Structures are given as C-alpha cells and as structure tokens.
Amino acid sequence: MRELIVEAKDENLDEVLDFVNKQLEELDCPMKTQISVDVAVEEIFVNISHYAYSPGKGSATIRTEIIEDPLGVSLTFLDHGIPYDPLAKEDPDITLSADDRQIGGLGIFMVKKSMDDVTYEYKDGHNILTIKKNIQ
Amino acid sequence: MLDINKVVDGDKLTIVLNGRLDTTTAPELESQVNASLSGITSLIFDISDMEYISSAGLRVLLSSQKAMNKQGSMKVCHPTDDVKEIFDVTGFSDILTIED
C-alpha cells in the first residue's frame, strides 16, 4: 500500500495523477485503462478540493493498492470534510439535447461508468471513497 | 498541458487542441472560446491530438455547443478512440456533431 497526503486544492491534481500513474506504469497498465483511471481520479480529487472543506481548507489522502487475480488497482480517497456520499447523487439524463443538458453532474457518473467497483462509506469522521479497476 | 491554436477564416473558427483538456486547462479554453465567438457561424474543434478529456473539458464543449446553437453550428473532428469512448459513455456522442 502506498499513500499520498496533499492539501485538497486543484493545484495538487498533477501531483496526485503522477502518484497514481507511476504505480500504473509499474504494472504495465494499458494507456486506455490509465486514461479512464486518470479521469476518475481527477473527478474525485477535484470534488474533494471544491466541496469537502468549503470555504476552508483541508487535506486529502490517496491510498493505492495492487489487487491480484485478476490484476487490478484499488484507489482510496479519504477526507475529513463535510459528509458527502457522491454515489447517492442521481445520474444525469444523458439522453437530453445540448440545450437541456445541465453543465454539471457528469463527473461522478463517469467514475461509476468507467470503474469496475465504486464504494463509499463515512467512518470515524472521514469520507472514504474506494474505486477499483481491473487491468486487462 | 494543452496547446490551443485558433484559425479564423471569415465567419469560420477552427480551434486545434493538443494535449489534455482537464480541470487545469479547461478554464483557459473556455475564456478563449468566449472571447472569439462574436460573428462566428461555424465553430470546429480539431481534437486529433487531444489525448484526454475530463468532465471539466466536457463542460466547455457543452457550453460552446449551447452558444453555437444560437448563432450557427459546431463540429468536433477526429477524436481518438479513448476520447470517443468518453463521449459515448456520457451521451455526448448524441449531442455533439462528431466527425471521424
């Protein structure tokens, strides 16, 4: 298990992505899978950065773990901000026309669609969101 | 990193994107689009060298599409397979005019 703790702000997104991608590269993860993991990491980290501590500041912890058989990666995001279950949010209606589509609400939907497993729990004052992705 | 190159030809604007359209780079693209749309009836995004798009990037494409619906048309050209898959998953394939 590896862990990165950073202040939850957009400026640290690249550091978080580098941390995750380094691990994926060690696993010879295909580019296609890496892109979908990157999208998920960005959506989750930016959500924490924008909303968890608003208007204050706080930290985000990212833990990575290798899963074997089938090979995959598990990423856990922890923050101690406002309790918020992103999975409880209703999926956006993706059949609407451009004019009727809302600008927001797509991020967590993309995470749910692209990951093999997404779970949320609130424990000991922490939001804990875990995503898993198989590496073909 | 995202390179943004704009080519204006009369009332046609082509924006060529190279790199990642994400949380970090989307605001710059949005402000460049907003500053350039006056008098434009045809907007084309050439994204053959755009390797990545997150929801922040999708939002810019959606707001551009909404703006162009009022004054002309918009096309998104040459997405990579990975980007095309993101368009499919999010339903953007149906609301954008995408050309291979």
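These legends describe close-up views of a predicted model with chains A and B. Local features need pLDDT of at least 70 and side-chain atom pairs count only at pLDDT 80 or more, while totals for chains, interfaces and linings use all residues. Residues are numbered from 1 along each chain as its sequence is written, and chains are lettered from A in the order in which they are written.

**View 1. The sheet of chain A is open and has 5 strands.** Helices (H or I, at least four residues) and strands (E, at least two) are DSSP runs, numbered from the N terminus. The strand order is S1-S2-S3-S5-S4, with antiparallel pairing. Two strands pair if DSSP finds at least two bridges between them. Strand S1 (2–7) and strand S4 (117–123) of chain A stand at the edges with a single partner strand each, so one side of each lacks a neighbour in the sheet. From one strand to the next, the twist averages 15 degrees.

**View 2. Strands S3 and S5 of chain A are joined by 8 bridges.** S3 covers residues 72–79 and S5 covers residues 126–134. The two run antiparallel. Gly72(A) has Asn134(A) of S5(A) opposite.

**View 3. Helices H1 and H2 of chain A lie across strands of the sheet.** Helix H1 (residues 13–26) crosses S1, strand S2 (59–67) and S3 of chain A. H1 runs at about 170 degrees to S1(A). H2(A) lies across S2, S3 and S5 of chain A, at about 5 degrees to S3(A). Axes are lines fitted to C-alpha atoms, for helices over the stretch in contact, and angles run from 0 to 180 degrees between N-to-C directions.

**View 4. The largest nonpolar core has 47 residues.** Such a core is a set of buried Ala, Val, Leu, Ile, Met, Phe, Trp, Tyr and Cys residues joined through C-beta atoms within 7 Å. Buried means that 20 or more other C-beta atoms lie within 10 Å of the residue's own, with C-beta atoms placed from the backbone. Val41(A), Ile44(A), Phe45(A) and Phe77(A) have the most contacts inside the core. H2(A) gives the most to this core, with 10 residues. Beyond its neighbours within four places in sequence, Phe45(A) is in contact with Leu13(A), Val16(A), Ala60(A) and Phe77(A). Contact means C-beta atoms, placed from the backbone, within 7 Å.

**View 5. Chain A meets chain B through 21 residues of A and 19 of B.** Helix H2 (31–52) and helix H3 (107–114) of chain A each give two or more residues to the side that touches chain B. H2(A) gives the most, with 7 residues. This side of chain A holds 9 nonpolar, 4 polar and 8 charged residues. Here Ala, Val, Leu, Ile, Met, Phe, Trp, Tyr, Cys and Pro count as nonpolar, Asp, Glu, Lys and Arg as charged, and the others, Gly among them, as polar.

**View 6. The sheet of chain B is open, with 5 strands and mixed pairing.** Its order is S1-S2-S3-S4-S5. Strand S1 (2–9) and strand S5 (98–99) of chain B are the edge strands, each pairing on one side only. Strand S4 (residues 73–77) of chain B runs parallel to S5(B), joined by 2 bridges. Cys77(B) has Glu99(B) as its bridge partner in S5(B). Helix H1 (residues 26–36) of chain B lies across S1 and strand S2 (12–21) of chain B, at about 10 degrees to S1(B).

Key: Two residues are in contact if their C-beta atoms, placed from the backbone, lie within 7 Å. A residue is buried if 20 or more other C-beta atoms lie within 10 Å of its own, exposed if 12 or fewer, and partly exposed in between; C-beta atoms are placed from the backbone.
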